[in-house]
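Me: Hi! I've got a structure here and would love some help reading it. Can we go through it together?

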Amino acid sequence: PWGYDGDNGPDQWHKNYPIAKGRHQSPIEINNKEVHYDRSLLPWFASYDPCAAKTILNNGKTCRVVFDDSFDRSVLRGGPLPGVYRLRQLHFHWGSSDDHGSEHVVNGVRYAGELHLLHWNPKYSNYLDAVRRTDGIAVLAIFLQVGKTPKPEMKRILEEINAIKTKGKEAPFPNFDPSVLFPKSHDYWTYHGSFTTPPCEECITWIVLREPIIVSSDQMAKLRSLSKNAENEPDLPLVDNWRPTQPRYFRMVSASFL
Ligand SMILES: NS(=O)(=O)c1ccc(B(O)O)cc1
Ligand SMILES: [Zn+2]
């Protein structure tokens, strides 16, 4: 199966998932010189129900929190989006050390990690139908920057890590509103792209926040303490689960700020 190692890593994905060599792939480099300020872009809003949070799991590729998306309970709207999109899950990407780990890169800057909140367009009958549509999915991406005054709200997620150390482990994760993780500024870049993991469908409206959230080096180490294997297998650290940047081709990256 696909992964992030030499033999099954990002450069090989196209063999089983040809879309991985498409013209609208993610992540990408976001460079000020190529960004277009779009003053018609609206602010985005998240209205999340903390009771929609269900479980946290280690799927061997990332740490994911899953939400009830059986109705418009926790939604993202505004910004570049035509309507409301339902929150389905959040997950992280991180490196083997603090100097890299994010998927998007801003003016050459790699952050220690990246948080993705995945939402789907309820105009489609279900999530699997939405991933086949160019306006099917919206991902809110938030950079993780290592600093001395970490965001206390990150603690809640990292405290659960001990319960999901190995692949396949899942634990209840009730009563959590992920908007507590948002940075102060809602400034964002937006462009059309893809899942950053196979099957790499090109169905995502990306909303990448300019302001990172601060996490501590210990918190990043906590994420790196997850194992990519199950408990009865050798303990291989789950690190460097990020895809390198992909060609932008003829895509416009719009900014909501000057
Ligand atoms: N990294 S990403 O947000 O593009 C993403 C989201 C979901 C899935 B998935 O549920 O397979 C894969 C990648
Ligand atoms: Zn992701």
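Me: How far is the polar side-chain atom of histidine 91 from a nitrogen atom of ligand 1?
Reply: Happy to help! In this predicted model, the two atoms are 3.2 Å apart.

Me: And how far is a nitrogen atom of ligand 1 from an N or O atom in the side chain of histidine 116?
Reply: That distance is 3.3 Å. Threonine 196 also has a side-chain N or O atom that lies 2.8 Å from a nitrogen atom of ligand 1.

Me: How much of ligand 1 does the protein cover?
Reply: Ligand 1 has 350 Å² of accessible area on its own, and the protein covers 84% of that.

Me: Nice. What kind of space does ligand 1 take up?
Reply: Ligand 1 occupies the largest pocket.

Me: Which elements give two or more residues to the shell around ligand 1?
Reply: They are β7 (85-94), β9 (113-120) and β13 (204-209). The biggest contribution comes from β7, which supplies 3 residues.

Me: Which residues come nearest to ligand 1?
Reply: There are 14 residues around ligand 1, and the nearest are His91, His93, Phe195, Thr196 and Thr197.

Me: How does that shell split by class?
Reply: Around ligand 1 you'll find 6 nonpolar residues, 6 polar ones and 2 charged ones.

Me: New topic: the backbone. Which residues does a cis peptide bond join, with omega about 0°?
Reply: Those are serine 26 and proline 27. Proline 27 sits in the segment before β1 (29-30). Another cis peptide bond links proline 198 to proline 199, with omega about 5°. Proline 199 belongs to the loop between β12 (188-193) and β13.

Me: Why point those out?
Reply: Because most peptide bonds are trans, and most residues other than glycine have a negative phi. On the phi side, asparagine 175 is worth a look: its phi is positive, about 60°, although it is not a glycine.

Me: Where is asparagine 175?
Reply: You'll find asparagine 175 in the loop between β11 (170-172) and β12.

Me: Last thing: what pLDDT does the chain average?
Reply: The chain averages 98, and 100% of the residues score at least 70. For the complex, the predictor gives an ipTM of 0.98 and a pTM of 0.98.

Me: And what should I do where pLDDT is low?
Reply: In such places the predicted coordinates should not be read in detail.

Key
Residues are numbered from 1 along each chain as its sequence is written. Chains are lettered from A and ligands numbered from 1 in the order in which they are written. This is a predicted model: local features need pLDDT of at least 70, side-chain atom pairs count only at pLDDT 80 or more; totals for chains, interfaces and linings use all residues. Side-chain values use heavy atoms; hydrogens and water are left out. A residue is near a molecule or strand if one of its heavy atoms lies within 4 Å of it. A polar contact is a pair of N or O atoms within 3.5 Å; within protein, one must be able to donate a hydrogen and the other to accept it, and residues adjacent in sequence count only if both atoms are side-chain atoms. Accessible areas come from the Shrake-Rupley method with a 1.4 Å probe; for residues, only the protein chains shown count as cover. On a 1 Å grid over the protein atoms alone, a cavity is a set of points where a 1.4 Å probe fits but cannot get out, and a pocket is an open set with protein on both sides within 12 Å along at least five of seven lines; lining residues have an atom within 4 Å of a point. A molecule sits in a cavity or pocket if more than half of its atoms lie within 2 Å of its grid points. Helices (H or I, at least four residues) and strands (E, at least two) are DSSP runs, numbered from the N terminus. Ala, Val, Leu, Ile, Met, Phe, Trp, Tyr, Cys and Pro count as nonpolar, Asp, Glu, Lys and Arg as charged, and the others, Gly among them, as polar. pLDDT is the predictor's confidence in each residue, from 0 to 100.
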